[in-house]
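Visitor: I would like to go through this protein step by step, with a reason behind each answer. Where should a beginner start?

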Amino acid sequence: MGMGEQSNGSGSSSGRSIARDLFFKAVCLVGGVLLVRKLTKKTTRWEHARIVAEALSGEKFSSEQASRDPMNYFNIRTLTCPATTMADGSRVLYFEQAFWRTPEKPYRQRFCVVKPCPKDLKCDVEVDSYAIRDAEEYRNFCDRPNNQRPQSGEVVRDVAEHLTTVYLSRCKRGKRCLYEGSTPPGGFPNSWNGATYYTSDVTIHRNGEVHYWDKAYDDQGNQVWGVKEGPYEFKPVTTSNSNGSLLPLGSTSITLDQKLYDKSFVVDDSE
């Protein structure tokens, strides 16, 4: 009896141990399956559009770049925020660009409509840029309380002529970026400063940076405006770059007129 009782006790303990091992293995297996499913889950077309719209939104500055290379880059502030959602689900963003010292005086104002790429194109997100019917009415739109902004119906009515389209694709694994893309070959018509057509490259980075590289060319293919050294690098707002401390007064003797004369930067691409 004594031996039998000891044997039964040992067998019971061994059985519980095996059961525990099986339970933990099952939990690990199920957890692994769920993790793989999550990692391999395909992002839907509209999820891509949502991610891009959210990444483009916010206040961003080129102050770090302007501090590194004041000969070629200004300290620019971009501010983007949701304006409305179209009936088909497309997100309409209001975008404005200004020199950091005068954010209340934007020199470029746009509506950006963000939506999935057409199914016949090899891209994920289409970003269309439109002029604003009465741009003055939208000045500092994002900085105003909601009840002092043009409302959804007004926004839809104020979407004016189409300017450009950029097609973005999710960046491949191993790259710093989230999405990157450009205007189609040949760009879009533009007549400012002797240009014939205009192109734009856009890269959205994982750290919140957005890089824009706008360039225009004449009939002979000569670049007539836009920086040649590389894209403008706009980083999310911080205390240092919002107050301009990275680009102090007197950091460069190059004036705005000189830069425009050198055609390294364009202030108005509305045409």
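The questions below move from the whole chain to its disulfides, its cores and one charged residue.

Visitor: What kind of model is this, and how many helices and strands are there in the protein?
Guide: This is a predicted model. Its secondary structure is made up of six helices and twelve strands.

Visitor: What percentage of the residues count as buried?
Guide: A residue is called buried when its relative accessible area is under 20%. The protein has 271 residues. The share of them that count as buried is 41%.

Visitor: How much of the exposed area do carbon and sulfur atoms supply?
Guide: The protein exposes about 15300 Å². The part of this area supplied by carbon and sulfur atoms is 54%.

Visitor: How many disulfides does the structure hold, and what is the pairing of the bonded cysteines in sequence order?
Guide: The structure holds three disulfides. C81 forms one with C142, C117 forms one with C123, and C171 forms one with C177. With the bonded cysteines numbered in sequence order, the pairing is 1-4, 2-3, 5-6.

Visitor: How many residues apart are C81 and C142?
Guide: The sulfur atoms of C81 and C142 are 2.1 Å apart, and the two residues form a disulfide. This pair links distant parts of the chain: C81 is in strand β2 (residues 76–85), while C142 is in the loop between β5 (125–132) and α4. Along the sequence, C81 and C142 are 61 residues apart.

Visitor: Is C142 buried or exposed?
Guide: The cut-off for buried is under 20% relative accessible area. C142 has a relative accessible area of 14%, so C142 is buried.

Visitor: Which hand does the link of C117 and C123 have?
Guide: The sulfur atoms of C117 and C123 are 2.0 Å apart. C117 has a relative accessible area of 3%, and C123 counts as buried at 15%. The angle about their S-S bond is -120°, and the link is left-handed.

Visitor: Which helix gives the largest share of the largest nonpolar core?
Guide: In soluble globular proteins, nonpolar side chains tend to be buried together. The largest nonpolar core here has 26 residues, and V52, L56, V114, L168 and I204 are those with the most contacts inside it. Five residues of this core, its largest share, come from helix α2 (residues 45–56).

Visitor: Which bonded cysteines does L168 touch?
Guide: Residues up to four places away in sequence are not counted here. L168 touches V52 and I204, among others. Two cysteines that form a disulfide with each other are also in its list of contacts: C117 and C123.

Visitor: How many residues are in the second, separate core?
Guide: The second core includes L79, Y94, F111 and C142. C142 is also one of the residues in the disulfide with C81. This second, separate core has 14 residues.

Visitor: Why does D158 have no salt bridge with R133, and how far away is R133?
Guide: D158 lies in helix α4 (residues 152–158) and is buried. D158 touches R133, along with residues including F111 and Y138. A salt bridge needs a side-chain nitrogen of Lys or Arg within 4 Å of a carboxyl oxygen of Asp or Glu, so the pair does not qualify. R133 is the nearest side chain of opposite charge, and its distance is 4.2 Å.

Conventions:
Residues numbered from 1 in each chain as written. Predicted model: local features only at pLDDT ≥ 70, side-chain atom pairs only at ≥ 80, totals over all residues. Heavy atoms only, no water. Helix = DSSP H or I, 4+ residues; strand = E, 2+ residues; numbered from the N terminus. Buried < 20%, exposed > 50% of the residue type's maximum accessible area, 1.4 Å probe, protein only. Lys, Arg positive; Asp, Glu negative; His and termini not counted. Contact = heavy atoms within 4.5 Å. Disulfide = S-S within 2.5 Å. Areas by Shrake-Rupley, 256 points an atom, 1.4 Å probe, with all protein chains shown as cover. Core = buried A, V, L, I, M, F, W, Y, C linked by side-chain atoms within 4.5 Å.
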